[in-house]
Amino acid sequence: MAEIQLRNLSKRWGSFVGVHEFDLTIADKEFLVLLGPSGCGKTTTMRMIAGLEDATEGDILVDGVRVNDLEPKDRDVAMVFQSYALYPNMNVYENIRFPLRVRGVDPKTHDQRVRRASAMVELDDFLHRKPAELSGGQRQRVALARAVVREPNVFLMDEPLSNLDAKLRVSTRAQIKNLSHELAVTTIYVTHDQIEAMTLADRVVIMRAGVVQQVGTPVEIYDNPANAFVASFIGNPAMNLMDGSIKDGTFTTNNVQISGLEAVDGPVTLGFRAEDAKVIESSGQINAPIYTMELLGDATTVSVRIGGALVSVKADKNYRAAIDETVSIEVPVEHCHLFEAETGARIGGDPRNFPPRRGQRMQASKMHPIKRERDDMFLKKVTLASAFAITAGTAYAGCEISGNVSIVGNEFPAIHTVANGAAACTGGDVKINLTADHQKINVDGMSGNPAEYTSAIIANSSLVALMNADVVRPLNDLVAAHGQDIPKNQLITIDGNVMAVAFMANAQTLAYRKDVLAELGVEVPTTYEEVLEAAKKIRAAGISKYPVGGAYAAGWNLAQEFTNMYIGHGGEFYKPGTAEVSINNAQGVATLNMMKALTEYMNPDFLTHDSNATGAEMEAGNVMIMNMWGSRMGNLMDDEGAEEQVYSNITVGGPLTVGGGSTPASTLWWDGWTVARNVSDEDAVATFLAMKNGTSPAILTEETMGQAVWMIDGYTPAPVNDGVFAAIAAGTTSYPMLPYHGLLHTALGGNLADFLLGKESAEQALADAEAAYTAAAKEKGFLN
C-alpha cells in the first residue's frame with residue numbers, strides 16, 4: 001500500500017501561516033486522525049497531501065517518492081468529503097461508477113468493482129435510487145463506496161460524519177472502522193470530534209493554529225497530554241484546568257488546596273479528569289457551591305465554578321443535591337497533571353516528580369510549541385502588503401448623535417454589517433439604502449442641496465467619481481475633532497485631504513467546487529488557461545453544461561473584468577504621463593479573446609449576470625468555477641441558498657494569471673465611507689460618528705469575521721478570505737485611482753458587449769471604447 005512522509009510541510013498565504021513545519025511519518029495501513037478545532041490547519045494538511053493545495057515549503061513522499069509536483073489524479077488517493085458530494089442526476093450505481101469512467105478504467109471491470117464496493121457498505125438494495133431518495137447515512141455510504149471503487153493506495157476523509165445525526169454518526173463510524181480493517185489501506189481522517197478520533201485512530205495528531213501539538217495513540221494522548229490545550233481538547237467532559245500557584249508542595253487557588261506535590265514554588269495550571277475525582281461527605285481538597293448537575297444515566301456529573309473555570313466530577317448515578325449547595329471533592333494527587341502557567345507545556349510525567357529532570361521542560365516546549373505569543377501571531381497577524389496594515393486602535397464607546405444620517409451602498413454582507421453598526425447610534429435618525437444600483441444613484445443622491453445621502457460607502461473607483469462630481473467633503477476637520485483614534489492607514493488621503501475612511505480590503509479571486517475538481521482529477525487552476533481546460537472536462541463529464549461563472553453584466557461589471565484581465569496581460573491603460581488612452585493593442589485584443597473563450601462555458605445570458613446572479617448560479621449547483629469578489633465568498637460558503645453538498649464544497653483560491661504572465665489578473669480594492677459636501681455641519685458630524693461606529697471593533701463577531709478582510713482592530717482571518725490574502729501576497733495591482741479612469745471604465749462597459757456576442761472584431765470594440773473615452777475626457781477637460 002503506502003507509507004506517507006511529511007517533511008517540514010508548511011503552508012502560508014502571505015504572512016498568514018496555515019500549517020507550520022508539519023513533520024511526520026504515517027505507516028503503511030495506518031489509520032491516522034488529524035484532530036483540532038476549526039482553522040487549525042488539519043484540512044489544509046490533507047489538501048496538500050491530496051494535491052489540491054500547493055505546499056509553501058517541505059516535501060510529501062509516498063513510498064519514498066516525492067509527489068509535491070504530481071497532479072491530484074496521479075497521486076493515487078481517494079477523498080471522502082464532509083458533504084456527500086453526489087451528483088443528483090445520477091443514481092447510486094452511476095455515482096459509485098463515476099471515478100472509473102473519468103479515469104478511463106476498462107469498462108468490462110466496472111460492474112464487478114461497483115457491486116463489490118456497494119456490498120462492502122451495504123448498498124446493494126439502493127443502486128437504482130437517486131441521492132434525493134436516500135437518507136443522510138446512506139448518502140455518506142455512497143461517498144465511501146465511490147472512494148473504495150477506485151482501490152487507491154491512500155484514503156483521505158475530511159469530516160465525513162459532520163452532517164449526520166448522533167445515531168447515524170455512531171453506526172457510520174463503526175462502518176468506517178470495519179471498512180478500514182477490511183481494506184487495510186493507509187487512511188488519513190480529519191475531524192474536530194475527539195470521540196471520532198479516540199474510537200477510530202491508530203494514532204492521533206492534535207493541531208492548533210497550524211502547529212502540531214502532540215502525536216500519539218488515543219490512550220497516550222488521553223493519559224499524558226503534552227500541554228494544557230491538548231488536555232482541554234481531549235475527553236468528555238474535557239480535563240478540568242485550574243490556574244493557581246504552588247507553595248511548599250501545595251497547589252492553591254479559589255476554594256482549592258491540593259497537597260503532596262513535590263514542586264517548586266510558582267504559578268502553574270493543575271488539571272484532572274472528571275472520572276479521577278470523587279464527591280465526598282467531609283471536607284475535601286475542593287469545596288464550592290454546585291453550579292449545575294447533569295444526570296447521564298450511568299453517572300451524575302457535578303460541576304462547580306473555580307474562578308472563571310467550570311470544574312466537573314463524575315458522581316454515582318444516584319447522587320442528588322441542590323444547586324448552590326456546597327459540595328466537597330477529593331482529587332487523588334497521582335491523577336493530577338501540571339502544566340506551565342506561561343506556555344501551557346506539560347511538566348514532567350507524574351506531578352509528584354516535579355520539577356522535571358534537567359532539560360526535560362525545554363524538550364517539552366520544543367516538541368510542542370504553544371507559546372501564547374506565537375498563537376496570537378498565527379491567529380491575528382495579517383499584513384496587507386505595502387498598501388494596507390491592520391493597526392490596533394482604541395475601542396469605540398457607545399454612539400450618540402444629534403443629526404440625521406442617510407447611507408447608500410452596495411448589498412454585500414459586510415456592507416450590511418457596517419450600516420447596521422451605524423444604525424445602532426441613538427439620538428438621531430439613520431436611514432439605509434443598500435442596493436446593487438448604488439453606483440447609479442450615489443452621485444445624483446449626493447448632488448442635491450441638501451444631499452439626499454449624507455454618506456456613500458464606496459470603493460477605489462467610486463470615490464473618484466464622487467470627487468469628480470464634487471459631492472464629497474474633505475474629512476480633515478472631522479478627523480481632527482472626532483477621529484484621532486482612527487488608524488492612519490485607514491485614512492484615504494488625496495492631495496493632502498482625507499476623502500474617505502477605509503474599513504476593508506477586497507479583490508476578485510478564484511471560487512471553485514473542490515469535490516468536482518477532485519472527482520475529475522483536475523488540479524485547482526492558477527491561470528485562466530487552466531480554467532478553460534477544467535471547464536472542458538467538466539462539460540465533457542456531463543456535470544454541468546455551463547460550468548464557468550463571471551460577473552459579465554454589461555456596464556460596470558464587464559469593464560471590471562476587462563480591467564482585471566488587461567492588467568494580467570501586462571497592459572497599460574494610458575500613454576505614459578498623459579490621460580491619452582492606449583488599450584487598442586495586442587494586450588487589449590488578447591484580453592477580449594480570453595474573455596470570449598470563457599463565455600463559451602458561461603450561461604448564455606452572461607451579459608445580465610452581475611456578482612449576485614453568477615453567485616446564485618454557483619449556489620444552485622450550475623457553476624463550478626469562477627472569478628468572484630472576496631466579499632461575496634461568505635455568502636457562497638454559508639448554509640443559506642444552497643444544498644449542503646454545494647455550499648460545503650465551494651472553496652476559495654488565489655487570483656488567476658493569464659497569458660503566461662506573473663501579474664495577477666485582478667485588482668486590489670478597499671472599501672470605505674465618505675461624508676457628503678452638501679449637508680449641514682450637524683448632519684456631517686452625526687454621519688461621521690455613525691459611520692465610525694459602524695466600522696468599530698464592536699461589529700466584529702464570530703458571524704461577521706468571515707464577511708471581509710476587515711481593516712479593524714480585533715479582526716482575525718477566516719477561510720473565506722484566503723483568496724484576498726493570496727491576492728495581497730501575490731502583489732495584486734490596486735485599481736487605478738486616476739481622476740479620468742472612471743470615464744474609461746464607463747466607456748469599456750458600454751462598448752465590449754458586441755464583440756462578446758460575435759457582432760464585431762476585438763479591434764473595433766476597443767476602438768469604440770477609446771473613442772467614447774476620448775470624447776468624455778475632452779468634455780471634462782482631461783484632454784485638449
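Trainee: How do you know that helix 24 and helix 26 (residues 762–779) pack together in this predicted model?

Mentor: Contact means heavy atoms within 4.5 Å. Helix 24 meets that cut-off through Leu 743, Leu 744, Ala 747, Leu 748 and Asn 751, and helix 26 through residues including Ala 765, Asp 768 and Tyr 773. Their axes lie 8 Å apart, at an angle of about 140°, and helix 24 passes helix 26 in a right-handed crossing.

Trainee: What classes of residue make up the contact of helix 24 with helix 26?

Mentor: There are 10 nonpolar, one polar and one charged residues. Ala and Leu count as nonpolar and Asp as charged, so Ala 765 is placed in the nonpolar class and Asp 768 in the charged class.

Trainee: Let's turn to the sheet. Why are strand 6 (77–80) and strand 10 (211–216) called edge strands?

Mentor: Pairing needs at least two bridges between two strands. The six strands run in the order 6-7-8-3-9-10 in an open sheet with mixed pairing, and strand 6 and strand 10 each pair on one side only. From one strand to the next, the twist averages 15°.

Trainee: How do you know that strand 3 (residues 31–35) and strand 9 (residues 203–208) pair?

Mentor: The rule asks for at least two bridges, and these strands have four, in the parallel sense, so they count as a pair. Within them, Leu 34 of strand 3 stands opposite Val 205 in strand 9.

Trainee: Which helix packs on the sheet by touching strand 6 and strand 7?

Mentor: That is helix 4 (residues 136–148), whose direction makes about 175° with that of strand 6.

Trainee: What makes an empty space a cavity, and how many cavities of 30 Å³ or more are there?

Mentor: In a cavity a 1.4 Å probe fits but cannot get out. By this rule the count comes to five. The largest cavity holds about 180 Å³ of space. Among its 16 lining residues, Val 77, Ala 78, Met 79, Arg 150 and Ala 518 lie nearest its centre. Strand 6, helix 4 and helix 15 (514–520) each give two or more residues to that lining.

Trainee: Why is the space of about 1100 Å³ called a pocket instead?

Mentor: A pocket is an open set of points, so the word tells you that this space is not closed off like a cavity. This one is the second largest pocket. It is lined by 41 residues, and His 438, Gln 439, Lys 440, Ser 462 and Trp 556 are the closest to its centre. By class, its lining has 14 nonpolar, 19 polar and eight charged residues.

Conventions. Residues numbered from 1 in each chain as written. Predicted model: local features only at pLDDT ≥ 70, side-chain atom pairs only at ≥ 80, totals over all residues. Heavy atoms only, no water. Axes fitted to C-alpha atoms, helices over the stretch in contact; angles between N-to-C directions. 1 Å grid on protein atoms, 1.4 Å probe; cavity = no way out; pocket = protein on both sides within 12 Å on 5 of 7 lines; lining within 4 Å. Points joined across faces, edges and corners; volume = space filled by probe spheres on them. Left-handed = near helix turned anticlockwise from the far one by under 90°.
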